[in-house]
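Biologist: Could you pick one loop and take me through it closely? After that, I'd like to hear about whatever else in the model is worth a look.

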Amino acid sequence: MAEKAAKPNGKLGVMVVGNGAVATTFMTGVLMTRKGLTKPVGSMCMYDKIRVGKGEDKKYLHYKDIVPLADLNDIEFATWDVYPANAYESAINAEVLKEKDINPVKEELEAIKPMKAAFDKNYAKRLEGDNVMEGKTRWEMVEQLREDIRNFKKEKGLDRVVVLWAASTEVYVPVDEEVHGTLEALEAAMKADNKEKIAPSMCYAYAALKEGAPFIMGAPNTTVDIPAMWELAEQTGMPIAGKDFKTGQTLVKSGFAPIIGTRCLGLSGWFSTNILGNRDGLVLDEPANFRTKEVSKLSTLESILVPENQPDLYGHGNDEDTQYYHKVRINYYPPRNDNKEGWDNIDIFGWMGYPMQIKINFLCRDSILAAPLCLDLVLLSDLAARAGRSGIQRFLSFFLKSPMHDYTKGEVPVNHLFQQYVMLKNAIREMGGYEADEEID
Ligand SMILES: NC(=O)c1ccc[n+]([C@@H]2O[C@H](COP(=O)([O-])OP(=O)(O)OC[C@H]3O[C@@H](n4cnc5c(N)ncnc54)[C@H](O)[C@@H]3O)[C@@H](O)[C@H]2O)c1
């Protein structure tokens, strides 16, 4: 049976890369929850109850009653950002939360001052901040970040640290086996200051793992989706998770596509478009940055409605009649700020091929959906580390748009929301000393 998680001992440092809309909404919510001034709605760790045991022994329990999760009161925050604004100023600027929901924790947020970012403008052209490490090579960035982690640990007397990327989406870095294939090659490229193949995010991930901290990639960057990082995670015994928070449209997609698949209906096309006006939207307005997001968003459907498995249902519509037409668009539209609006037009067909349409219009709040995921990913990665689970954490796929999987071994990602939920529940059971199972509750 899998290892049971050890009890946490002391404080947990949560170091967030990026101090923008998602990061500040997350931190503010945790601090407000701690004071009993708000509710952490949407967090699985705070609300979900799952069954453990079977038959007469079965019980429905919150996660914290199954596994030893870190207590919110034991969390200390730190961030890095390109802009020097502290977490209070940044939360106000983001305009996600009302001042009345930020002010009660003003003091705590003001004390979170971003450390200098490991940044390269070529990876996010639209950002102009000057709170960056100047003139450092990739390897020097790694060393500085490692020092930042060690200093934070020492200063706050922390027992453990988790590093979460909630910074901007970088330009797309395709996996290059020669550079990203082994840890040795990755380290050599960092030392040779290979700016083209080593994204700044890789420096954060490398530094975190080396310092014995789990690393979570909340953006669609390929940072830890490379064999070199898997090797490092195994070597240091640390969990990694990624990539891209599954919040709005993709959450809907991964929950809705199973309706079509389970009922054996056909799909000829799925067109998704969004308008978004926050800084994330601004960065994604740059085609090279959007490419990273597009790759991540497109992958969801293909593993749920698989053309090769059901050629009659999913094997035509576009791409030389081999697959349904799937398109995703994000348009930068400042008036909406963080309140994203997503439209999905789904062209399906039924009995004897007769066409039908489904329209979904989701008026969501991006950071409000992302914040509980940040909390769950942080708490569960810390838990996984204490359960001796290193490397890719597939059970965290539930929270991610483009879940990590070892493609070198032919693994396929699980995108189906309800299959992901089974993986999540079973991991919690195992880390709590119960047996995994697939019983229907
Ligand atoms: N909100 C959602 O629903 C959602 C869903 C999936 C993914 N994401 C991703 O989460 C990330 C954060 O989103 P957001 O709305 O908070 O964006 P944001 O623009 O408000 O915040 C990102 C911050 O990261 C900083 N940054 C950029 N590069 C950095 C670096 N190298 N080091 C340190 N800081 C750096 C920027 O200066 C900015 O302040 C984005 O990549 C976004 O694509 C968000």
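Modeller: Sure. One bit of vocabulary before the loop: helices (H or I, at least four residues) and strands (E, at least two) are DSSP runs, numbered from the N terminus. Bear in mind, too, that this is a predicted model.

With those names in hand, go to K243, which sits in the loop between β8 (239-242) and α10. The peptide bond leading into K243 from G242 is cis, its omega being near -5°. Step along to D244, found in that loop between β8 and α10 as well. D244 isn't a glycine, yet its phi is positive, near 80°. Is D244 buried or exposed? It's buried, because its relative accessibility is 2% and the cut-off for buried is under 20%.

Follow the chain into α10 (residues 249-262) and you'll find F256. Setting aside neighbours within four places in sequence, F256 touches W270, I346, I358 and I360. Of those, I346 falls in β11 (341-349), and the loop between β10 (325-332) and β11 is where N337 lives. N337 is another non-glycine residue with a positive phi, about 50°.

If you like buried loop residues, try T169, in the loop between β6 (158-165) and α6 (177-180). T169 has a relative accessible area of 2%, so it counts as buried. Beyond its close sequence neighbours, T169 has contacts that include Y123, P220, D280, L284 and T292.

Now for helix α3 (residues 87-94), whose buried residues are A87, Y88, S90, A91 and A94. Those residues span an arc of only 165° around the axis, so they lie on the same side of α3. Among the elements covering them are α1 (21-34) and α4 (106-110). Both ends of α3 deserve a glance. At the start, a side-chain oxygen of N86 comes within 2.9 Å of the backbone nitrogen of Y88; just after the helix, E95 has a positive phi of about 55°.

Last stop, a helix pair. The axes of α5 (residues 138-156) and α7 (residues 183-191) approach to within 6 Å, crossing at roughly 100°. That angle makes α5 roughly perpendicular to α7. On the α5 side the contact involves R138, W139 and V142, and they meet E187, M190 and K191 of α7. Sorted by class, that's 3 nonpolar, 3 charged and no polar residues.

Methods:
Residues numbered from 1 in each chain as written. Predicted model: local features only at pLDDT ≥ 70, side-chain atom pairs only at ≥ 80, totals over all residues. Heavy atoms only, no water. Axes fitted to C-alpha atoms, helices over the stretch in contact; angles between N-to-C directions. Parallel < 35°, antiparallel > 145°, perpendicular 65-115°, else oblique. Contact = heavy atoms within 4.5 Å. Nonpolar A, V, L, I, M, F, W, Y, C, P; charged D, E, K, R; others polar. Buried < 20%, exposed > 50% of the residue type's maximum accessible area, 1.4 Å probe, protein only. Arc of directions from axis to C-beta. Polar contact = N/O pair within 3.5 Å; in protein donor to acceptor, adjacent residues only side chain to side chain.
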